[in-house]
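Reader: Hi! Could you walk me through this structure? I'd love to start with the aromatic rings.

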Amino acid sequence: ALSGWAESKQLWCCEKMVLGCPVAAIESYDCTAAAGNWLAAWSDGKKEYCCKGGHATCEPFDCSAGITNGWSADKQKWCCEYKDLGCSTTAGPVVFDCSAGYGNWLNGWNDNKKAYCCNGKVVCDPY
């Protein structure tokens, strides 16, 4: 333990705040282990070390997955703020994936997606 710190305090501070950690404890973080589930699987100390320390890319959402109309409000807010994707206007999402559902665009797309995609992005021929 650090001079004057109880071992329990040092363990807590290392785990939660990445402070007072023995060098071996910090270097033992494997930032590739469970990286696909980092938000749930990693301890606060590992998140601090790997994410904030620049040893791993930690993003709570995959902004390239799914359609923006199906995203949670949290995902839409985060992706818009940090990736400039899925941002809303009063007319709906600004960006649509015009290749998704293209084979059934006439019946499958909502009016906002038709307006976005059929305005020069893809050919929307109803015949």
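Author: Happy to. One definition to begin with: rings of Phe, Tyr and Trp pair if their centres lie within 6.5 Å. Keep in mind that this is a predicted model.

Reader: Good. Which residues form one aromatic cluster?

Author: Tyr-102, Trp-105 and Trp-109 do.

Reader: And how many aromatic pairs does a search of the whole structure find?

Author: Five. One of them is Trp-38 with Trp-42, 6.2 Å centre to centre with 55° between the planes.

Reader: Why is the pair of Tyr-102 and Trp-109 tilted?

Author: Planes under 30 degrees apart count as stacked and over 60 as edge-to-face, so whatever falls in the remaining range is tilted. The planes of Tyr-102 and Trp-109 are at 50°, so that pair is tilted, with ring centres 6.2 Å apart.

Reader: Are those two rings buried or partly exposed?

Author: Trp-109 is buried, at a relative accessible area of 7%, while Tyr-102 is partly exposed at 35%. Buried here means under 20%.

Reader: Switching topic: what makes up the largest nonpolar core?

Author: Eight residues, among them Trp-38 and Trp-42, along with Tyr-29, Tyr-49 and Cys-50. A second, separate core has six residues, including Phe-96, Cys-98, Trp-105 and Cys-124. In soluble globular proteins, nonpolar side chains tend to be buried together.

Reader: Tyr-49 and Cys-50 are buried residues of helix H4, right? Which others are?

Author: Gly-45 and Lys-46 are the others in H4, which covers residues 44-52. These buried residues span an arc of only 110° around the axis, which puts them on the same side of H4.

Reader: Neat. What about the surface, which residues form a nonpolar patch there?

Author: Trp-12, Met-17 and Leu-19, with about 330 Å² of accessible area together. Leu-19 sits in the loop between helix H1 (7-17) and helix H2 (23-27), and this leucine, Leu-19, is partly exposed at a relative accessible area of 46%.

Reader: Last one: how many salt bridges does the count come to?

Author: One. The side chains of Lys-83 and Glu-59 meet there, at 2.7 Å from N to O. Lys-83 belongs to helix H5 (residues 73-83) and Glu-59 to the loop between H4 and H5, so the pair ties together parts that are 24 residues apart in sequence.

Reader: How accessible is each partner, Lys-83 and Glu-59?

Author: Lys-83 is partly exposed, with a relative accessible area of 37%, and Glu-59 is partly exposed too, at 31%.

Key
Residues are numbered from 1 along each chain as its sequence is written. This is a predicted model: local features need pLDDT of at least 70, side-chain atom pairs count only at pLDDT 80 or more; totals for chains, interfaces and linings use all residues. Side-chain values use heavy atoms; hydrogens and water are left out. Rings of Phe, Tyr and Trp (its six-membered ring) pair if their centres lie within 6.5 Å; planes under 30 degrees apart count as stacked, over 60 as edge-to-face and the rest as tilted. Buried means under 20% relative accessible area, exposed over 50%, partly exposed in between (1.4 Å probe, protein chains only). A nonpolar core is a set of buried Ala, Val, Leu, Ile, Met, Phe, Trp, Tyr and Cys residues joined through side-chain atoms within 4.5 Å. Helices (H or I, at least four residues) and strands (E, at least two) are DSSP runs, numbered from the N terminus. The arc is that of the directions from the helix axis to the C-beta atoms. Patches are made of residues with over 30% relative accessible area and no salt bridge: like charges are joined within 9 Å, nonpolar side chains (Val, Leu, Ile, Met, Phe, Trp, Tyr) within 5 Å. Accessible areas come from the Shrake-Rupley method with a 1.4 Å probe; for residues, only the protein chains shown count as cover. A salt bridge is a side-chain nitrogen of Lys or Arg within 4 Å of a carboxyl oxygen of Asp or Glu.
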